[in-house]
Amino acid sequence: MAKYVYKFTEGNKDMRELLGGKGANLAEMTLAGMPVPQGFTVTTEACTRYYDDNRTIAPEIQAEILDNLAWLEAHTGKKFGDPANPLLVSVRSGARASMPGMMDTILNLGLNDTVVEGFAQFTGNPRFAYDSYRRFIQMFSDVVMGLSKKRFEEIIDDVKEKKGVKLDVDLDTEDMKDLVVRFKAFYQQEKGEAFPQDPKTQLMEAVRAVFRSWDNPRANVYRRMNEIPYDWGTAVNVQSMVFGNSGSSSGTGVAFTRNPATGEKALFGEYLINAQGEDVVAGVRTPSPISQLQQEMPQVYEEFVQIANRLEKHYKDMQDMEFTIENGKLYMLQTRSGKRTAAAALKIAVDLVDEGEISQEEAVLRVDPKQLDALLHPTFDPDALEQATVIGSGLAASPGAAAGRVVFTAEEAKEWAQRGEKVILVRLETSPEDIEGMQVAQGILTVRGGMTSHAAVVARGMGTCCVSGCGEIAVDYADKSFTLAGTTYREGDWISLNGSTGEIFAGAIPTIPANPNSGDFGRLMGWADQSRRMGVYTNADNPRDAAQARAFGAEGIGLCRTEHMFFEGDRIKAIREMIVSDDTEARKKALAKLLPYQQSDFEGIYEAMEGCPVVIRFLDPPLHEFLPTQEEDILELAGKMNLPVARLKDIIESLHEFNPMMGHRGCRLSVSYPEIAQMQTTAVIQAAINVQKKHPEWHMVPEIMIPLVGEAKELKYVKDIVTATADALIAASGLELEYLVGTMIEIPRAALTADEVAQEAQFFSFGTNDLTQMTFGFSRDDAGKFLSYYYDTKIYESDPFAHLDQKGVGKLVSMAAKLGRQTRPDLILGICGEHGGDPTSIEFCEDVGLNYVSCSPFRVPIARLAAAQASLKKKG
Ligand code: PEP
Ligand code: MG
């Protein structure tokens, strides 16, 4: 019979798929003899089963939970619902991949009207007992029953106001009792039934609520962002409670074995005396630094330091630990590999190699490629910074520099960002509901909360600049303003944040790009380059981007989109002339104007790439992007071409396409008008000849790529034009220049007939943007408008334009790779769609055996690291 529940004594760290990260690590700490309050884990398979069984917990799973509860009672010598010696438990989620704050937690479960009295006597601390009870009612009502959190806060505020006090700690036993009565009355009023008194009912409801929370909207957004599959499910940990809020020799805290912002090797964290865990994470009170615990409770501190060191050595990674002190005794509630900034991730990985703890390959596997993005982000222009006015400071919660306009809600952040505005999200504190607003913001500023608060943890994960805990700010949400240092800032005002120092500035400070090629970054990327099999190329259309990509380590250009060269200035006029020409002579005249632009651009790009491979793709403009629409442009063009305006308008009308994405574009243009291929070949080859003559030390091999091919004969037709033109130019040059002709595989038919296509192509480059569009049958420009419905209904878990659909589109890719190589074993295979810079898609490319991936310049370091990880994972 399947086993759905494991005691902490039955698991270990290698069981995270079944027990979730938290459960597996609680078991591992138990195994290592560390002080862990005991309990059990309901598995991720039980969660999957809950969804399979129409959101119910099967009777045999309920029975298994109750059996384990009985064991826990025997083990602790306490009893569920026994006023004389009650067992209280926490119920927490724990998925395979950590999803901080995304799912639900319930503490103090097991309290009811009679247990609380016994608990008060048993602990000799009635205030503590009633405080625990009112917290439990609050959490259970919110998390399990979905009642408004706000209403409970209002009741607390009301009690405080009547008493004339400001802080929760100023409330006494009678006030807590009063809160319990009022909370229960509210519950009764809302739910039409009394607050559940049977602890077993409470427990089953809580387990159900955690399973349910796997599917809450914020967890779904987080999963999509982090590519965590929906079918993984979450485990549920039921653990006997220890109380950090049972007096002044109790407390609770969060600590890291190394600094998660900088990577510095030193215990880092914070704690609160007389508090429960949620108080630290929620950022409601500002905690003390962990070092202070050494003075306050030296023995506990010593023991904690020892455990922290052991855990780090054991896991060979920086650990993020939660602990509670109950009446002077330390308990470990959690350990996990800590979230960290990109800079810290690099430093920790490199330091662990230097300390002899891990190998270089392990270090390469330790850093999340997507995180590197944060290092590639800008800092403030130092000159402008000198002139800037610091208006305040908070904690340097997540590094980077950001300037934006003030907004106060996640919704406003999204609205403003959609309008193209840069925003800084200013909040008292953030909560998981704010996640989408945080994602679009340039920076995040909070009034409350420490380095481990929600805002800090989430911003670091996203690589977004964040300053947290700036207590001097007075926010007025209703007025959409905040006051700092005597000045009021309103919605829409510009401010700037330095997430590396915690400073806040008035106005917008210009930023400059990052230069990550040094120190830890350089060393780790060097190890990555040694580990990877695939090449990393870039998509670049001009010398500036090519040089930037080179600086980031690109080994070639995998896609130069030649139509992109015509968006600027006068060039658009020349290409318009070419497009609307209605006879060959006029078209040739227009092409002759384009030739010098193209040739000099190619020379610039070749120069920037210093002899590395450059793949130049022939024109592929969906025509509508280039046709003039404004009357004045049409008049000007007609004048230039000596055409009657009405005639030109007719031509433009005749070029109208119902579906330009599937229209007269790509190689179809050269089939219709061979002179386009002739002109472009001339530009590519003549530029190469010139640069080769200038740099005899380089081995120039220009590569010509024909787009949108769906039939081998169509490729052959264009290729014949290319080779005739190229060979004549080369012969005339006196050089022995090699060149390659290949194609994009971006139409499903090309993938399906790749064996034939390969007869004409020396290389394939998978254009997975179009291949995705045409395989799914929805437009890459419009799908965004309806894909959200597909995420909500779980039909798709992620955007197929961002992460390659391995099942469908991927099948075409691997089929084409295989068929192509059957025909031509030395066929070069690459990818140049957006997926070429996406880590999971890159792993797929490694598996299929592509020679290289090509991506935008700022993703080159990400691709280098992801390609290395893919190689290492494949090697096992
Ligand atoms: C593609 O289709 O994947 C591709 C790289 O070409 P483009 O994006 O220019 O259509
Ligand atoms: Mg394409």
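**Ligand surroundings and aromatic contacts**

A backbone N or O atom of Thr768 lies 3.0 Å from an oxygen atom of ligand 1 in this structure, which is a predicted model. Two arginine side chains also make polar approaches to this ligand: a polar side-chain atom of Arg561 is placed 2.7 Å from an oxygen atom of ligand 1, and a polar side-chain atom of Arg780 is likewise found 2.7 Å from an oxygen atom of ligand 1. Of the 280 Å² of accessible area that ligand 1 has on its own, the protein covers 96%.

The shell around ligand 1 is made up of 13 residues, of which the closest are Arg561, Gly767, Asn769, Asp770 and Arg780. Sorted by class, this shell contains six charged, four polar and three nonpolar residues. At least two residues of the shell come from each of strand E25 (557-561) and helix H30 (768-776), and H30, with three residues, gives the most to the shell.

Aromatic contacts were examined next, and the count comes to 27 aromatic pairs. In one of these, Phe152 and Phe183 are arranged edge-to-face, with 4.8 Å from centre to centre and 85° between the planes. Because Phe152 belongs to helix H6 (residues 149-163) and Phe183 to helix H7 (residues 173-191), the pair ties together parts that are 31 residues apart in sequence. Phe152 counts as buried, at 1% relative accessibility, and Phe183 also counts as buried, at 0% relative accessibility.

The rings of Phe408 and Tyr477, whose centres are 6.5 Å apart, have their planes at 80°, and the pair is therefore edge-to-face. Phe408 is situated in the loop between strand E14 (401-407) and helix H16 (410-418), while Tyr477 is situated in the loop between strand E18 (474-476) and strand E19 (481-484), so that this pair ties together parts 69 residues apart in sequence. Phe408 is buried, with a relative accessible area of 1%, whereas Tyr477, at 32% relative accessibility, counts as partly exposed.

Beyond these pairs, one aromatic cluster is formed by Phe776, Phe778, Phe786, Tyr790, Tyr796 and Phe801. Positively charged side chains were also found over aromatic rings: the charged end of Arg223 sits over the ring of Trp214, at 4.0 Å from the centre of that ring, and Lys329 lies over the face of Tyr331, where the distance to the ring centre is 4.8 Å.

Definitions and conventions
Residues numbered from 1 in each chain as written. Chains lettered and ligands numbered in written order. Predicted model: local features only at pLDDT ≥ 70, side-chain atom pairs only at ≥ 80, totals over all residues. Heavy atoms only, no water. Phe/Tyr/Trp six-rings, centres within 6.5 Å; stacked < 30°, edge-to-face > 60°. Helix = DSSP H or I, 4+ residues; strand = E, 2+ residues; numbered from the N terminus. Buried < 20%, exposed > 50% of the residue type's maximum accessible area, 1.4 Å probe, protein only. Lys NZ or Arg CZ within 6 Å of the ring centre and 35° of its normal. Near = heavy atom within 4 Å. Polar contact = N/O pair within 3.5 Å; in protein donor to acceptor, adjacent residues only side chain to side chain. Areas by Shrake-Rupley, 256 points an atom, 1.4 Å probe, with all protein chains shown as cover. Nonpolar A, V, L, I, M, F, W, Y, C, P; charged D, E, K, R; others polar.
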